[in-house]
Amino acid sequence: MRWAQTMAFAITEINRNPSLLPNVTLGYRIYDTCHTLGVAFRTALSLVSGREEQFQLDERCVGSPPMLGIVGAGSSTNSIAISSILGLYRVPMVSYYAACSCLSDQMQFPSFFRTIPSDAFQVRAMLQIMRRYGWTWAGMLFTDDDYGRNAARSFQSDLAQSGLGCLAYVEVLPWDHDPVEIQRIVTVMKKSTARVVIVFPYGRYLVDLMEEVIKQDVRGLQWIASEDWTSYAILESPRFLPYLTGVLGIAIHRGRIPGLKDFLLNIHPDNDPDNSHENNIVRQFWEYTFGCKFAPLPSEWVDAGGRMCTGQEDLGTAETILMDLSVFRPEYNVYKAVYALAHALHDMLQCVPGRGPFSGHSCASLQTIQPWQLVYYLEKINFTTSIGEHVSFDENGDALPFYDVINWVQFPDGSAKVLNVGVYKKSASGVEELVLDEDRIFWNFESKKPPRSVCSESCSPGTRVARRKGEPVCCFDCIACSGGEISNETDSTECSNCPEDFWSSPQRDHCVPKSLEFLSYHEALGISLTTISLLGTFISAIVLGIFIYHRSTPMVRANNSELSFLLLLSLKLCFLCSLLFIGRPRIWTCQLRHAAFGISFVLCVSCILVKTMVVLAVFKASKPGGTDIMKWFGAMQQRGTVLSLTFIQATICTAWLVSASPAPHKNTHYHSDKIVYECVVGSTVGFAVLLGYIGLLALLSFLLAFMARNLPDNFNEAKLITFSMLIFCAVWIAFIPAYISSPGKYADVVEVFAILASSFGILVALFGPKCYIILFRPERNTKKSIMGRGSTDK
């Protein structure tokens, strides 16, 4: 009734407007499709065939009036049926309520236009709201009709393409109000973890659903309403409000139409010009509103005590939704649709002959106008309504989308109100924008905040998304990134590898430089080895000082004091060279450490070897005919032998450093999360020759000392050399497998330990007993004590 009256108001307003269609009067006829596809289809056929009812308006207008365009229909299904027929004849049709996106197909519906946005824009508005509040998990309900199916299909498609979320369930509301099916649907909603429900029904099909929602007491849902039921008055009753309060909906933009309310208040059966033609729509409305009947009264009405309508009833005091301005939404689209047809006709009549758009630059005339000519001008309309809204159609016949975002609010007194809380619009430049006044939105939850509706909580940085097999992509588990991998975004689908010199942080959300591992002076192990090395150097210096101080005593002189001094000096170098293995590897320390180690130990072992040879030579010289042997073991020969043997090692080290010098190297193979900073030997052969040469001299010294261990001296140094070389060889034999199997800095630890152990073994074994006698048993530090008893016992 309100839609029809709005059309009548718009045509009346146009006919009174001297600047729009001057000297042309518009007329209209109203057809009721009764929400029935068959009736709508028959109506369309009647209109295009010219078989509609003929009547006489006045003496000059008899027969079928020329039909130039249609305002309607009120549903997508009926519009599809009517437009498919009218399109064949290019009869323009401007709908105010058919939102199905399928009607945007101009190939199939070439003369269809509409002032309500396509539901494709409505779907995008809903997706924008879901994005705003982070709702990625929702259910969807729709009716099995053209509007519901297309809206649901469009929503599913756009949701999948946008990647904004997933649907927990998709259910079709039954047309036949099947209680079993409705009960099943509500049970699904109740069990689902989705807190948001998207609904694309006609309002009347939602009543049965809400009855079942009340029956099962399903609360805690955030309903997102399509434009068809956002203002459905029946659902705003106190019975449904506890469950529907807080609804967020997309609604047709509400436009204030000046003068419409006064026009509606003037509705009266006597004022309706169609009463004489037996069109009793106004009378039916009047009887329904005031609960009365016009004469002649039906007998059953009289028997029931019903009263007769007098025509004096006051419409302004009646409780009727007709005057509820808060729901004047489709009416504004009706108003724009009528004006669109009027402006198209006006533009057509402004055509200048010879400059027209048709064949031969002709214009359409009012007497011979064809509907397809009006379609041409309808495609190009561009006008502004009385409230300042711009109206035009795009290439699909759709108007610029402009929606209100509404929120259902219940007040303490139980009354409800539909509040505008935002808009969703598309500008002429094509930019779509959602604007919300979030402070005005009422959330029907205890927290009074938007609900959380997700299948799985977002994966934080440092984790990746692992899809659950057989479930929607929104349902997943969060797996922590492996070592060396990171993810620095929320909901990352994969972890990325860190660069070679970097490792993942403990939170796995960024890469950090790998820690460098080497034998440091600052760690306990490095401090301990440094302390032991300096202690050995200090003890060697003390022993050297003792020997120098007591150099004239028989104990020092009997053991070749010059070689002893040189041996103690080499031991100090052995202790000190171990310090080169501690600290951050550098090119010079890598080159110097093995060279210093090799030369120091060869000098040490050479001294021992020469001392052993001297002991054997002295024993040989004491036998008859052996006096000449000592000329080969004089002081110069001893020095020359030590220097020659040491020079050979120096030559080996020089060749090694020149051919394949040791160098610092960052090794990432031992540990994945750290870099082992080590010195690579450069040439394994060079390192093996260096150790082999030391081992050869040590083995030779051991064999010679072992042979001389039982010589008849009271103090036979060969026994001490044998024991010291036994320690030395045992340490370095154990060193080789330990060194090979030790990774990183522990290889340096093993080598330093071998250096210190062998050095302490020589120092203690060779010089310990001598220092004991020198310091604590001076009575034995005599030539007689050292040499006296050996021969007599024999």
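## Exercises: cavities and cysteines

The largest cavity has a volume of about 50 Å³. It belongs to a predicted model.

**Exercise 1.** State how many cavities of 30 Å³ or more there are, and describe the lining of the largest cavity.

*Solution.*
- Start with the count: 5 cavities reach 30 Å³ or more.
- Next, list the lining of the largest cavity: Thr-115, Pro-117, Ile-252, His-253, Asn-333, Lys-336, Glu-389, Leu-400 and Phe-402.
- Then sort these lining residues by class: 4 are nonpolar, 3 polar and 2 charged.

**Exercise 2.** Work out the handedness of the disulfide between Cys-481 and Cys-495, and place both ends in the chain.

*Solution.*
- The whole structure holds 9 disulfides. One of them joins Cys-481 to Cys-495, S to S 2.0 Å.
- The torsion about the S-S bond is about -80°, so this link is left-handed.
- Cys-481 sits in the loop between β17 (476-480) and β18 (485-486), and Cys-495 in the loop between β18 and β19 (496-497). They are 14 residues apart.
- Cys-481 is buried because its relative accessibility is 4%. Cys-495 has 15%, so it is buried too.

**Exercise 3.** Decide whether Cys-498 and Cys-511, joined by a disulfide, are each buried or partly exposed.

*Solution.*
- The S to S distance of the pair is 2.0 Å.
- Cys-498 lies in the loop between β19 and β20 (502-504), Cys-511 in strand β21 (residues 511-513). The separation is 13 residues.
- The cut-off for buried is under 20% relative accessible area.
- Cys-498 has 13%, so it is buried. Cys-511 has 24%, so it counts as partly exposed.
- The S-S torsion is about -90°, so the disulfide is left-handed.

**Exercise 4.** Find which parts the disulfide of Cys-590 and Cys-679 ties together.

*Solution.*
- The sulfurs of Cys-590 and Cys-679 are 1.8 Å apart.
- Cys-590 lies in helix α17 (residues 587-621) and Cys-679 in strand β24 (residues 674-680), so the link ties together parts 89 residues apart in sequence.
- With -70° about the S-S bond, this link is left-handed.
- Both Cys-590 and Cys-679 are buried.

**Exercise 5.** Explain why Cys-577 has no bond to Cys-574, then check Cys-729.

*Solution.*
- A disulfide needs two cysteine sulfurs within 2.5 Å.
- The closest cysteine sulfur to that of Cys-577 is in Cys-574, 5.6 Å away, so it is too far for a bond. Cys-577 is buried, with a relative accessible area of 4%.
- Cys-729 is in no disulfide either: its nearest cysteine sulfur, that of Cys-604, is 12 Å away. Cys-729 counts as buried because its relative accessibility is 16%.

Note on methods
Residues are numbered from 1 along each chain as its sequence is written. This is a predicted model: local features need pLDDT of at least 70, side-chain atom pairs count only at pLDDT 80 or more; totals for chains, interfaces and linings use all residues. Side-chain values use heavy atoms; hydrogens and water are left out. On a 1 Å grid over the protein atoms alone, a cavity is a set of points where a 1.4 Å probe fits but cannot get out, and a pocket is an open set with protein on both sides within 12 Å along at least five of seven lines; lining residues have an atom within 4 Å of a point. Grid points are joined across faces, edges and corners, and a volume is the space filled by probe spheres set on the points. Ala, Val, Leu, Ile, Met, Phe, Trp, Tyr, Cys and Pro count as nonpolar, Asp, Glu, Lys and Arg as charged, and the others, Gly among them, as polar. Helices (H or I, at least four residues) and strands (E, at least two) are DSSP runs, numbered from the N terminus. Buried means under 20% relative accessible area, exposed over 50%, partly exposed in between (1.4 Å probe, protein chains only).
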